[in-house]
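This report walks through one protein chain, from a single residue out to the whole fold. Keep the model open while reading.

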Amino acid sequence: MHTTTYSKIKKMSPQILVADIDRSIEFYTKKLGFNVDFRYEDFYAGVIKDGFSIHLKTGNPSSEERKNKRKNEHLDIVFSVEEVENLYIDFGNKSVEIIQPLCGRPYGKEFYITDPDGYILAFLEEA
């Protein structure tokens, strides 16, 4: 009998296109509390928090796609977190653009923010 062995996934890092990498690094570090994991030349970087990372690549995010996602609240990244109420207050104090206020759902409590390029990030405390 033949069995297939699969490699273990150790990490996953979504990559997003950003118009200004320095602005994005500043947003993710100063406003959201990530740290710079690495930077490659002037066009690519990784930010990390609690072992989870996002890769930022200089490019031209589609403004039409961003508008459509915002209109329909299509999420780009969902973070499962603890103490979502405290995070919501912290982001509000840091002038992070909150596009969906903190609310209760059958699956937990969540709110949505947008980053400087219009990516929609959800923060969810599961029930």
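## Starting from I16

I16 is buried, with a relative accessible area of 7%. Buried here means under 20% relative accessible area, exposed means over 50%, and partly exposed lies in between (1.4 Å probe, protein chains only). The model is predicted: local features need pLDDT of at least 70, side-chain atom pairs count only at pLDDT 80 or more, and totals for chains, interfaces and linings use all residues. Residues are numbered from 1 along each chain as its sequence is written, and side-chain values use heavy atoms, with hydrogens and water left out.

I16 sits in strand 1. Helices (H or I, at least four residues) and strands (E, at least two) are DSSP runs, numbered from the N terminus. Leaving out residues up to four places away in sequence, I16 touches Y28, I54, H55, L56, K57, D115 and Y119. A contact means heavy atoms within 4.5 Å. I16 and Y119 are 103 residues apart in sequence, yet their C-alpha atoms are 8.4 Å apart.

## The chain as a whole

The chain holds three helices and eight strands. Their order from the N terminus is β-α-β-β-β-α-β-α-β-β-β. The C-alpha trace spans about 55 × 40 × 30 Å along its principal axes. Of the 127 residues, 35% are buried. Among contacts between residues at least 6 apart in sequence, 51% join residues at least 24 apart.

## Helix 1 and the core

Helix 1 covers residues 21–31, and its buried residues are I21, S24, I25, F27, Y28 and T29. Their cover includes strand 1 (15–18), strand 2 (35–40), strand 3 (44–49), strand 4 (52–58), strand 7 (108–114) and strand 8 (120–126).

Both ends of the helix have local features. At its start, a side-chain oxygen of D20 reaches to within 3.1 Å of the backbone nitrogen of D22. After helix 1 comes G33, with a positive phi near 85°. T29 also belongs to helix 1. A polar atom of its side chain lies 3.4 Å from the backbone oxygen of E26. Such a polar contact is a pair of N or O atoms within 3.5 Å; within protein, one must be able to donate a hydrogen and the other to accept it, and residues adjacent in sequence count only if both atoms are side-chain atoms. Beyond its neighbours within four places in sequence, T29 is in contact with F34, N35 and V36.

The largest nonpolar core has 23 residues, and those with the most contacts inside it are Y28, L32, I54, L56, I113 and F123. A nonpolar core is a set of buried Ala, Val, Leu, Ile, Met, Phe, Trp, Tyr and Cys residues joined through side-chain atoms within 4.5 Å. Helix 1 gives the largest share of this core, four residues. L56 touches residues including I16, I21, I25 and Y28, not counting residues up to four places away in sequence.

## The four-stranded sheet

Four strands form an open sheet in the order 5-8-7-6, with mixed pairing. Strand 5 (77–80) and strand 6 (98–105) stand at the edges with a single partner strand each, so one side of each has no neighbour in the sheet. From one strand to the next, the twist averages 15°. Two strands pair if DSSP finds at least two bridges between them. Strand 5 and strand 8 pair in the parallel sense over four bridges.

| Strand 5 residue | Opposite it in strand 8 |
|---|---|
| I77 | L121 |
| F79 | F123 |

Where do the side chains of strand 5 point? They alternate: I77 and F79 face one way and are buried, while V78 and S80 face the other and are not.

## Helix 3 over the sheet

Helix 3 (residues 84–93) lies across strand 6, strand 7 and strand 8, running at about 20° to strand 7. Axes are lines fitted to C-alpha atoms, for helices over the stretch in contact, and angles run from 0 to 180 degrees between N-to-C directions. The buried residues of helix 3 are V84, L87 and F91. Seen down the helix axis, they fall within an arc of 55°, so they line one face of helix 3. The arc is that of the directions from the helix axis to the C-beta atoms. These residues pack against helix 1, strand 6, strand 7 and strand 8. Just after helix 3, S95 has a positive phi of about 60°.
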